[in-house]
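Let's take a friendly walk through a protein model, with an eye on rings and sulfur bridges. Have a look at the picture before you read on.

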Amino acid sequence: MKRAGIVSVLGMLATATVTATATGAAPAVLAAPAPAAAPTHSAAARSTACDGPSLARVRAGAHAVEPHQPGRAKVTAMEKDFKNRLGKLRKQRVKAMTVRVHFQVVYGSAGNVPDATLNKQIAVMNAAYAGSGVSFTLAEVKRTQNATWFSDPEGNEQAMKSALHKGNAQDLNFYTADLGSSLLGWSTFPSDYRTQPAMDGVVIHYQSLPGGTLTNYNEGDTGTHEVGHWMGLFHTFQDGCSGPGDQVSDTPAEESPASGCPTGRDTCPAAGADPIHNYMDYGYDSCMTEFTSGQTKRMQDQWAAYRA
């Protein structure tokens, strides 16, 4: 169910702080959508949608690429490993998943996000994932003043995460920084943890947190979306109209990311209108309200295979 009434203004304190711990409960954020291409069911268009890199969780009108989004070959390898691991588990299904959230607040002259905003973020995520058996608890808030990391977290991702990452596979490192004018956020996937544990986590534009200044993307659902990747979900538009798509049977195929809240949009010939209200599409925060039962099952199995 969609939560309402998040109107707190995002604070931008400039005081130099190193670390601070806190207690609370709340969830995450994501990035915004590129404008939807005109619906087309042509073979050429389907091929482009399937073979090219996924578009970024970016603001409408931007054309950046979301880091860590896998192409078809990598997805095939990921799914093969996933099925092999599930086959070796006696008990695949996990009903309750508790995620410990480590907020890594990276800031420069701006971006020192207050605890109240972070608590709202956790609340947004707990509301969004309530029906999926996932809950988020605050482990700590760590504040790091580093203008270079803050202004270019993508270019400095490895150095930043290597220095700051905390915990194990069940710990969500939630980095906030300035991602620029296009990207709203990005995430790693559960299967990445084994080979690069220090890189595990999500990176979110600090102004897309609840009450931020990014109009249409400031209710905290960038976090919801990116944590969906962290839990093992692909975009609803993965592979476009053909191919295995997002590996979930109850999310209708979608040729391209949705922008805004285009009610009735239907870009693929297969049954079902585009899942524009799904958290794993690119709609406005106000449009995103649901995960499906198939996505819940996938998150549970991904948790069992990689994070339990």
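What follows is a short tour of aromatic pairs, disulfides and one helix.

## Before we start

Keep in mind that this is a predicted model. The positions you see come from a prediction, and local features need pLDDT of at least 70.

## Rings that pair up

How many aromatic pairs does the count come to? It comes to ten. Let's take a pair to start with: Tyr129 and Phe291. Their ring centres sit 4.7 Å apart and the planes meet at 40°. Planes under 30 degrees apart would count as stacked and planes over 60 as edge-to-face, so this pair is tilted. Now find both partners along the chain. Tyr129 is part of helix 3 (residues 115-129), while Phe291 belongs to the loop between helix 6 (221-230) and helix 7 (293-307). The pair therefore ties together parts that are 162 residues apart in sequence.

Are these two rings buried or exposed? Tyr129 is buried, with a relative accessible area of 0%. Phe291 has 14% relative accessibility, and because buried means under 20%, Phe291 counts as buried too. The two rings also have company: Tyr129, Phe136, Tyr279 and Phe291 make up one aromatic cluster.

## Two tryptophans and an arginine

Next up are Trp230 and Trp303, an aromatic pair of the edge-to-face kind. Their centres are 6.4 Å apart, with 65° between the planes. Trp230 sits in helix 6 and Trp303 in helix 7, so this pair links parts that are 73 residues apart in sequence. Both turn out to be buried: Trp230 has a relative accessible area of 0%, and Trp303 has one of 4%.

Which residue lies over the face of Trp230? That's Arg307, at 3.7 Å from the ring centre.

## Sulfur bridges

Now for the cysteines. A disulfide is a covalent bond between the sulfur atoms of two cysteines. This structure holds two of them. Counting bonded cysteines along the chain, the pattern is 1-3, 2-4.

One disulfide joins Cys241 to Cys268, with an S to S distance of 2.1 Å. The torsion about its S-S bond is about -90°, so this disulfide is left-handed. Cys241 and Cys268 each lie in the loop between helix 6 and helix 7, so their bond ties together parts that are 27 residues apart in sequence. Both cysteines are buried.

The other disulfide is formed by Cys261 and Cys287, whose sulfur atoms are 2.1 Å apart. Here the torsion about the S-S bond is about 65°, so the disulfide is right-handed. Cys261 and Cys287 each lie in the loop between helix 6 and helix 7, so this bond ties together parts that are 26 residues apart in sequence. Check the surface at both ends: Cys261 is partly exposed, with a relative accessible area of 38%, whereas Cys287 is buried, at 1%.

## A look at helix 7

Let's finish with helix 7, the helix that holds Trp303. Helix 7 has 15 residues and reaches 20 Å from its first C-alpha to its last. That is close to the 21 Å expected at 1.5 Å a residue.

Why is helix 7 said to be largely enclosed by the rest of the structure? Because 13 of its 15 residues are buried.

Key
Residues are numbered from 1 along each chain as its sequence is written. This is a predicted model: local features need pLDDT of at least 70, side-chain atom pairs count only at pLDDT 80 or more; totals for chains, interfaces and linings use all residues. Side-chain values use heavy atoms; hydrogens and water are left out. Rings of Phe, Tyr and Trp (its six-membered ring) pair if their centres lie within 6.5 Å; planes under 30 degrees apart count as stacked, over 60 as edge-to-face and the rest as tilted. Helices (H or I, at least four residues) and strands (E, at least two) are DSSP runs, numbered from the N terminus. Buried means under 20% relative accessible area, exposed over 50%, partly exposed in between (1.4 Å probe, protein chains only). A charge sits over a ring if NZ of Lys or CZ of Arg is within 6 Å of the ring centre and within 35 degrees of the ring normal. A disulfide is a pair of cysteine sulfur atoms within 2.5 Å. The expected span of a helix is 1.5 Å times one less than its number of residues.
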